Amino acid sequence: MDLYEELVHGPGYAVCPIENMQLFKKLRDSFVEKMNISTKSKKNINVVRKAMAKMSKAEINRSMINLLTFTDLSDMMINSCPSLVETLCGKELFIQRRAHTIINVPGSEHSKQWTHYEMMSGISPFTYVIWAPLHDLEDDGGAYHIDQKISLEVMKKEQEAGLVNGPTVFNMMENQKPARLKFGQVVVFNPFVLHGNVPFNSDLARIACNTRFQSYNKPLLQKNSDYLKYYRLP
Ligand SMILES: [Fe+2]
């Protein structure tokens, strides 16, 4: 099955390799540098992860302000996987202006992202998401994705019951196994696929980036140029 088939008619998500590792490593270095978290001379992603694992939500939010200067994160992510993006959407795109960086702190006391799908945020149904961890995922700190057939059935049931995020979706967090990706692997998924993460134990926080993209020739939904920008792949 080719990637387009997999994403549109198959499971709705796929694990793919980063195509330009040199650029993706630069992205990670840039993140580490911007976080400016360690006073030690040796700076790497695990030093940042270790420091963040011990931080409160408020401290993490404060240090995330440093990322406001990371204005080319979304472009760097798209350019790390140019063929993947082109296969799904062509060369002329709308991409998210500012990619997200998500820091997940280990420990069951921390609130987790419940099962949800991206259409909820008002992006176009023609949008795809790239989700990329900035390190190997050696524990349950990653993300799980649920086959779109099951995802759509759950959503249909919710709609019939007049619910959004009702007990079925909420309890889906139980018994999920997040994928153990390597640094250099991404998950690409469509906006109908349910996904989320679970509490995990580790000495290290989990750090991942994600960005959204769609073809320039497909209609938008609620998001406009505040959220998206025109982008042409080289
Ligand atoms: Fe999400």
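Modeller: Before you start asking, here's one term: a polar contact is a pair of N or O atoms within 3.5 Å, and within protein one of them must be able to donate a hydrogen and the other to accept it. Also keep in mind that this is a predicted model.

Colleague: Okay, let's try that on N190. Which residue has its backbone oxygen 2.9 Å from a polar atom of the N190 side chain?

Modeller: Start with the place: N190 sits in the loop between β6 and β7. N190 counts as buried, because its relative accessibility is 4% and the cut-off for buried is under 20%. Beyond its neighbours within four places in sequence, N190 touches G12, T127, Y128 and Q148, among others. The backbone oxygen at 2.9 Å from its side chain belongs to L7.

Colleague: Q148 is in α7, right? How far apart are the end C-alpha atoms of that helix?

Modeller: Helix α7 takes in residues 148-161, which makes 14 residues. At 1.5 Å a residue it should span 20 Å, and the model agrees with that. So the end C-alpha atoms of α7 are apart by 20 Å.

Colleague: How wide is the arc that the buried residues of α7 cover around the axis?

Modeller: The buried ones are Q148, S151, V154, M155 and E158. They share the same side of α7, because the arc they cover is only 120 degrees.

Colleague: And which residues of α7 are exposed on the other side?

Modeller: The buried residues of α7 have partners to pack against, namely α1, β5, α8 and β7. Turn to the other side of the helix, and the exposed residues there are K149, K156, K157, E160 and A161.

Colleague: What caps the N-terminal end of α7?

Modeller: Look for a side-chain oxygen by the backbone nitrogen of K149. There is one at 2.9 Å, and the residue it comes from is D147.

Colleague: After α7, which residue other than glycine takes a positive phi near 55 degrees?

Modeller: Most residues other than glycine have a negative phi. Just after α7, G162 has a positive phi of about 70 degrees, but G162 is a glycine. The one you want lies in the loop between α7 and α8 and is partly exposed, with a relative accessible area of 25%. That residue is N165.

Colleague: Let's go to the metal. Which residues coordinate the iron ion?

Modeller: The spacing of the donor residues in sequence is H-x1-E-x76-H. Two of them give their NE2 atoms and one gives OE, at 1.9 to 2.2 Å. The residues are H116, E118 and H195.

Colleague: Is H116 buried or exposed?

Modeller: H116 is placed in the loop between β3 and β4. Its side chain makes a polar contact of 3.1 Å with that of E118, and farther along the sequence H116 is in contact with V193, L194 and H195. Its relative accessible area is 13%, and the cut-off is under 20%, so H116 is buried.

Colleague: How many of the 10 residues of β8 are buried?

Modeller: Strand β8 has several antiparallel partners: β2 over three bridges, β3 over five and β4 over six. You can spot some pairs yourself, including L93 opposite S215, I102 with A208 and W131 with N210. The strand is largely enclosed by the rest of the structure, because the number of its residues that are buried is 10 of the 10.

Colleague: Last bit, helix α6. Within what arc do its buried residues fall?

Modeller: In α6 the buried residues are L84, V85, L88 and C89. They line one face of the helix, because seen down the axis they fall within an arc of 100 degrees.

Colleague: And how far apart in space are C89 and A208, C-alpha to C-alpha?

Modeller: C89 belongs to helix α6 and counts as buried, at 9% relative accessibility. C89 is in contact with residues distant in sequence, among them F213, Q214 and S215. As for A208, it is 119 residues from C89 in sequence, and the distance in space is 23 Å.

Methods:
Residues are numbered from 1 along each chain as its sequence is written. This is a predicted model: local features need pLDDT of at least 70, side-chain atom pairs count only at pLDDT 80 or more; totals for chains, interfaces and linings use all residues. Side-chain values use heavy atoms; hydrogens and water are left out. Helices (H or I, at least four residues) and strands (E, at least two) are DSSP runs, numbered from the N terminus. The expected span of a helix is 1.5 Å times one less than its number of residues. Buried means under 20% relative accessible area, exposed over 50%, partly exposed in between (1.4 Å probe, protein chains only). The arc is that of the directions from the helix axis to the C-beta atoms. Contact means heavy atoms within 4.5 Å. Two strands pair if DSSP finds at least two bridges between them. Donors are N, O and S atoms within 2.8 Å of the metal (3.2 Å for Na, K and Ca); water is not among the atoms, so sites may look incomplete.
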